[in-house]
Amino acid sequence: MSGMSSDARVAPEADVAADAVAEPGAVIHDGAVVGPGSRIGSGSVVHSGVEIAAGCTIEDLVVLGKRPRLRAGSSAARGEELSPLVLEEGVTVCCGAVVYAGSRIGAGAIVGDQAQVRERASIGSGSVVGRASCVDFDTRVGNRVLIQTGVYVTGGSVVEDDVFLGPGVVTTNDHSMGRHPRDERLRGPVFRRAWRVGGGAVILPGVEIGEEAFVAAGSVVTRDVAPRDVVMGNPARVVRQVPDGDLIERWQ
């Protein structure tokens, strides 16, 4: 392990490739796997069970494989052991980000500075989670999704391929705001392929937004949106259709 700084702490049972690099102050726990050509930045912590594939970049002060600390009765609790955190080939996790155990980050994805990816979430290949954004527990994010700065993707959401979420978008999953039976399932929104939403929009629980739909900045979406509908306002209302020239096939 010629790339290990003398100030990095690598546990004896960690499986670290010979050409991997750990900067000063990095900590790699027993049972962690660090693949060829990967780099662990200063002050970053790789917990036991984390699997980092080849060519990944973990910048400074990142925490990988954090275990959730939940209140009694939390909707995030499942009462089961979490699977390992897996980072596929070429992933970048930027400064100060926290990625929880039980999640999976697809090849070439980027998790931005100070972002959070919670347990059992998955991020698809080539997707970006912007600075200070949160992808909450049990959320599925597809491939090539662009999540801008300061976005909250609530627990249980489904985000299909090629979706764009503008800065400051907020999604919700609980109409009762915590006053529901413990066994009642929360209802995250469903975002179909290539949907786009502008900055500051709010999406209410259980809403499904159709393929290639467009939600204008600042809108409050209280009901389902059909494919290719353009909606705006509070509450959001249909104003027109997305023209053929704006479909994603014209811009890939």
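Strands here are DSSP runs of E with at least two residues, and helices are runs of H or I with at least four. Counted that way, the protein, a predicted model, has 34 strands and 0 helices. The C-alpha trace stretches about 60 × 45 × 20 Å along its principal axes. Even so, the radius of gyration is 19 Å, which agrees with the value near 18 Å for a compact globule of 252 residues.

As for how the chain packs, 45% of the 252 residues are buried. Among contacts with a separation of 6 or more, 22% link residues 24 or more positions apart. The accessible surface adds up to about 11,700 Å², with carbon and sulfur atoms supplying 50% of that. On the charge side, there are 25 positive and 31 negative charges, and their mean positions sit 8 Å apart.

Now to the interior. Nonpolar side chains in soluble globular proteins tend to be buried together. In this model, the largest nonpolar core has 55 residues, and the members touching the most others are Ile52, Leu64, Leu87, Val93, Leu165, Trp195 and Ile209. Setting aside neighbours within four places in sequence, Trp195 is in contact with several residues, including Leu165, Ile209, Phe214 and Val215.

Val215 belongs to strand β31, which covers residues 214-215. Its relative accessibility is 0%, so Val215 counts as buried, the cut-off being under 20%. Again leaving out neighbours within four places, the contacts of Val215 are Trp195, Arg196, Val197, Gly198, Ala201, Ile209, Val221 and Val231. Arg104 is another matter: 111 residues separate Arg104 and Val215 along the chain, and their C-alpha atoms are 28 Å apart.

Key:
Residues numbered from 1 in each chain as written. Predicted model: local features only at pLDDT ≥ 70, side-chain atom pairs only at ≥ 80, totals over all residues. Heavy atoms only, no water. Core = buried A, V, L, I, M, F, W, Y, C linked by side-chain atoms within 4.5 Å. Buried < 20%, exposed > 50% of the residue type's maximum accessible area, 1.4 Å probe, protein only. Contact = heavy atoms within 4.5 Å. Rg over C-alpha atoms; globule rule 2.2 N^0.38 Å. Areas by Shrake-Rupley, 256 points an atom, 1.4 Å probe, with all protein chains shown as cover. Lys, Arg positive; Asp, Glu negative; His and termini not counted. Charge placed at Lys NZ, Arg CZ, Asp CG, Glu CD.
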